[in-house]
Amino acid sequence: MVERFAVVDVIREKRDRGVLSPEQIDWVIDAYVRGVVAEEQMSALAMAIFLNGMTDAEIVRWTDAMIRSGERMDFSALDRPTVDKHSTGGVGDKITLPLVPVVAACGAAVPQLSGRGLGHTGGTLDKLESIPGWRAGLTTEEMFHVLQTVGGVICAAGPGLAPADKKLYALRDVTATVESIPLIASSIMSKKIAEGAGGLVLDVKTGSGAFMSDPLQARKLAETMVRIGTDSGVRTRALITAMDVPLGLMVGNALEVQESVAVLSGGGPADIIELTITLAREMLDLAGITDIDPADTLRDGTALDVWNQMISAQGGDPKAALPVARCSHQVLAGSTGVLTELNALKVGVAAWRLGAGRARKEDPVSAGAGIQLHAKPGDQVAAGAPLLTLYTDDESRFEGALAALADATAIGPIGTEVTRLPLVIEKIN
Ligand code: URA
């Protein structure tokens, strides 16, 4: 087969701050998936994009070419509108777990294709896999069946969904080209658009525990993704939300499932409830369902019913006891006062070192490992009272986790005013 372009010309164009043509973009993505463009050539192109950026038109075309590298799911035969959400990831961010049943209980279908965690932010599938028997892998037919009968499904994306992104994301991970707005936006949106939902709400995190710690960069990423989604015919909205402090009081796989079930049962921490309901309202609005208050589904048990059905439909036992780590260690408050700091990144890294996360894709995670927070910034604490409880299956991990937590917390005198980012910082339509 005679190739349309020479890859070095495409790389040179971007290296010299040029604009790639639609034909060049279509070709380079396709040729990369076919193996004609070598990994080292795509590395050079990714670095040129990282350094020199892309125009909006280039980003939209790049995303579209990645979608076309695989299958696009179609849920139009369902009897309900479909809507999904994506979070850019954060510490203690278990919102998908209560959110999917809440939205499904209100009458929308939520096809949520999730990933596993890498680094300090956890993955939704790792969390759900702590439930005895639950399996992440479903065929498209099984996914459709669960969506039709239960209304919500959370499962692993199959190999056919945006395969160009799968290859490129693995390459970016090892070539220091992850933190690029055009590359992140196209990567996330190619998968979300290929997933086929009619509406999409993006939860773009900012703060110490987020990918985009700078709020201006987070806004730029959100605006870029909303534009890509809208251009592709998916009703898309974004919320920029706080990730300076972990969400909720539990960080770790089984611990986060436990907290999510508490929320679905009508209890749980206020920030998890608020973010779940805020995102649910946006999703339902995009789905055209405006006559139901999603908060009612937490009070009347209908969201918990959907959760139980959703877990059972994927082989899980929603009533089974969750795994508990073998060892625990408490970090105590050194003085009486007000907790002024609880650094999300440091808590995330510590939970990861306790075994809740993985360093390489193929590593196992510990279901019981993680951290329970006993106070959040602004709360009063007493000298000697527990601030954090660390859980692990391997006692030797405490040392590394405690090192990560050095300076993660600070206590000020009683009466200290603590200013925190608002939970929802901005909405991008
Ligand atoms: N998540 C993705 O799917 N892709 C990125 O590039 C970053 C986060």
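**Close-up views of the domain 1 and domain 2 interface**

**View 1. A salt bridge between lysine 376 and aspartate 271.** In this predicted model, lysine 376 is joined to aspartate 271 by a salt bridge, in which the closest N and O atoms lie 3.0 Å apart. That distance satisfies the rule for a salt bridge, because the rule asks for a side-chain nitrogen of Lys or Arg within 4 Å of a carboxyl oxygen of Asp or Glu. Aspartate 271 falls in the 194-313 part of domain 1, while lysine 376 falls in domain 2, which spans 327-412. Across the interface of these two domains, the rule finds two salt bridges.

**View 2. Polar contacts and the elements of domain 1 that take part.** Between domain 1 and domain 2, eleven residue pairs are in polar contact, with both residues at pLDDT 80 or more. On the side of domain 1 that touches domain 2, the elements giving two or more residues are β6 (250-251) and α11 (253-264). Of these, α11 gives the most, with three residues. The residues on this side of domain 1 comprise eleven nonpolar, nine polar and four charged ones.

**View 3. The two domains and the area buried between them.** The protein chain is divided into domain 1, made up of 83-158 together with 194-313, and domain 2, which covers 327-412. Their centres, taken over C-alpha atoms, are separated by 24 Å. Where the domains meet, 24 residues of domain 1 are in contact with 26 residues of domain 2. The size of an interface is often expressed as the accessible area lost when the parts come together. Here domain 1 and domain 2 bury about 1,800 Å² between them, and 62% of it is on carbon and sulfur atoms.

Key: Residues are numbered from 1 along each chain as its sequence is written. This is a predicted model: local features need pLDDT of at least 70, side-chain atom pairs count only at pLDDT 80 or more; totals for chains, interfaces and linings use all residues. Side-chain values use heavy atoms; hydrogens and water are left out. Domain bounds come from an automatic or database domain assignment. Contact means heavy atoms within 4.5 Å. Buried area is the accessible area (1.4 Å probe) that two parts lose on being put together, summed over both. A polar contact is a pair of N or O atoms within 3.5 Å; within protein, one must be able to donate a hydrogen and the other to accept it, and residues adjacent in sequence count only if both atoms are side-chain atoms. Helices (H or I, at least four residues) and strands (E, at least two) are DSSP runs, numbered from the N terminus. Ala, Val, Leu, Ile, Met, Phe, Trp, Tyr, Cys and Pro count as nonpolar, Asp, Glu, Lys and Arg as charged, and the others, Gly among them, as polar.
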